[in-house]
Amino acid sequence: MAQFFEVHPDNPQPRLLRQAAALLQQGGVLAVPTDSSYALVCQLDDKQAVERLRRVRQVDDKHLLTLLCSDLSQLANYARVDNRQYRLLKLGTPGPYTFILEASKEVPRRVSHPQRKTIGLRVPAHKGLQMLLELHGAPLLATTLIPPGESAPLNDAQDIRARYEHLVDAVVDAGPCPAEPTTVIDLVPMATGGEPVVLREGRGSLEALGL
């Protein structure tokens, strides 16, 4: 049975999020709010937790997961970032953007793109999730919480609790999320003098990045 943590969206309670972070460190899979929609998260370096997250979401190992980082310096540990890429990242973090970058050796092969060796990274601007990342002390692997056979992510924590209480270890309820996907931008071409490629236009403004 999943634990349920009801946190304030603007002033999240550290005590509750410490308990959520402890569950992650024990190999748990959690449903958490982000600055786009609710997501499933687990530890990056826990193979069993990653496999369980995929089973809950009902996706195979070809489905790419996103790495949630607490800040830009943490992100740079898990991706190869040059000066041009860094300037653009700085404009969009924290915020509702997913950036595709070349994965560093810190990223396990099983979670990066098998052909391109790339990884999607985010620095979310959600206070509760930011605090959880800081308490956890490392990035989290994430996938948008879209039930099998459906196209829209779940956005009501009570609904998530009812549907997933026997599948996840905890639900962090911070109220409804914007329910709009992140803007996804591939920065890999910039490493060889090319331009960033917008793969999906979502909540993150392209204008804010000068694109």
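1. Starting with the enclosed space: the largest cavity is lined by Val 7, Leu 17, Val 32, Pro 33, His 126, Gly 128, Leu 129, Leu 132, Val 172 and Ala 174. This is a predicted model, so keep that in mind when looking at these side chains. The space inside the largest cavity comes to about 40 Å³, and a search of the whole structure turns up one cavity of 30 Å³ or more.

2. Who contributes to that cavity? Helix α5 (residues 127–136) gives the most to its lining, with three residues. By class, eight of the lining residues are nonpolar and two are polar, while none is charged.

3. Now the open space. The largest pocket has a volume of about 580 Å³. Its lining runs to 31 residues, and the closest to the pocket centre are Leu 64, Thr 66, Thr 98, Val 184 and Arg 200. If you want a place to centre a box, those are the names to look up in the viewer.

4. Strands feature in the pocket lining: β6 (97–103), β7 (118–122), β8 (140–144), β10 (183–186) and β11 (197–200) each supply at least two residues. The largest share comes from β7, with four residues. As for chemistry, the lining of the largest pocket splits into 13 nonpolar, twelve polar and six charged residues; the cavity lining, by contrast, has no charged residues.

5. Ser 37 deserves a look of its own. Where does Ser 37 lie? It is in the loop between β2 (30–32) and β3 (39–43). Ser 37 counts as buried because its relative accessible area is 5%, and the cut-off for buried is under 20%. Setting aside neighbours within four places in sequence, Ser 37 is in contact with Val 32, Thr 144, Pro 153, Cys 177 and Ala 179. One of these, Val 32, also lines the largest cavity.

6. On annotation, the unreviewed UniProt entry places a "domain: YrdC-like" over residues 14–204. In the model, the end C-alpha atoms of that span lie 28 Å apart, and the span is 30% helix and 22% strand.

7. Last, confidence. The chain averages a pLDDT of 94, with 100% of the residues scoring at least 70. Among the elements of the chain, helix α3 (residues 72–78) has the lowest mean pLDDT, at 92, and β2 has the highest, at 98. That same β2 is the strand on one side of the loop that holds Ser 37.

Technical notes
Residues are numbered from 1 along each chain as its sequence is written. This is a predicted model: local features need pLDDT of at least 70, side-chain atom pairs count only at pLDDT 80 or more; totals for chains, interfaces and linings use all residues. Side-chain values use heavy atoms; hydrogens and water are left out. UniProt positions are given in the numbering used here, feature names are shortened, and annotations may be inferred rather than shown by experiment. Buried means under 20% relative accessible area, exposed over 50%, partly exposed in between (1.4 Å probe, protein chains only). Contact means heavy atoms within 4.5 Å. pLDDT is the predictor's confidence in each residue, from 0 to 100. On a 1 Å grid over the protein atoms alone, a cavity is a set of points where a 1.4 Å probe fits but cannot get out, and a pocket is an open set with protein on both sides within 12 Å along at least five of seven lines; lining residues have an atom within 4 Å of a point. Grid points are joined across faces, edges and corners, and a volume is the space filled by probe spheres set on the points. Ala, Val, Leu, Ile, Met, Phe, Trp, Tyr, Cys and Pro count as nonpolar, Asp, Glu, Lys and Arg as charged, and the others, Gly among them, as polar.
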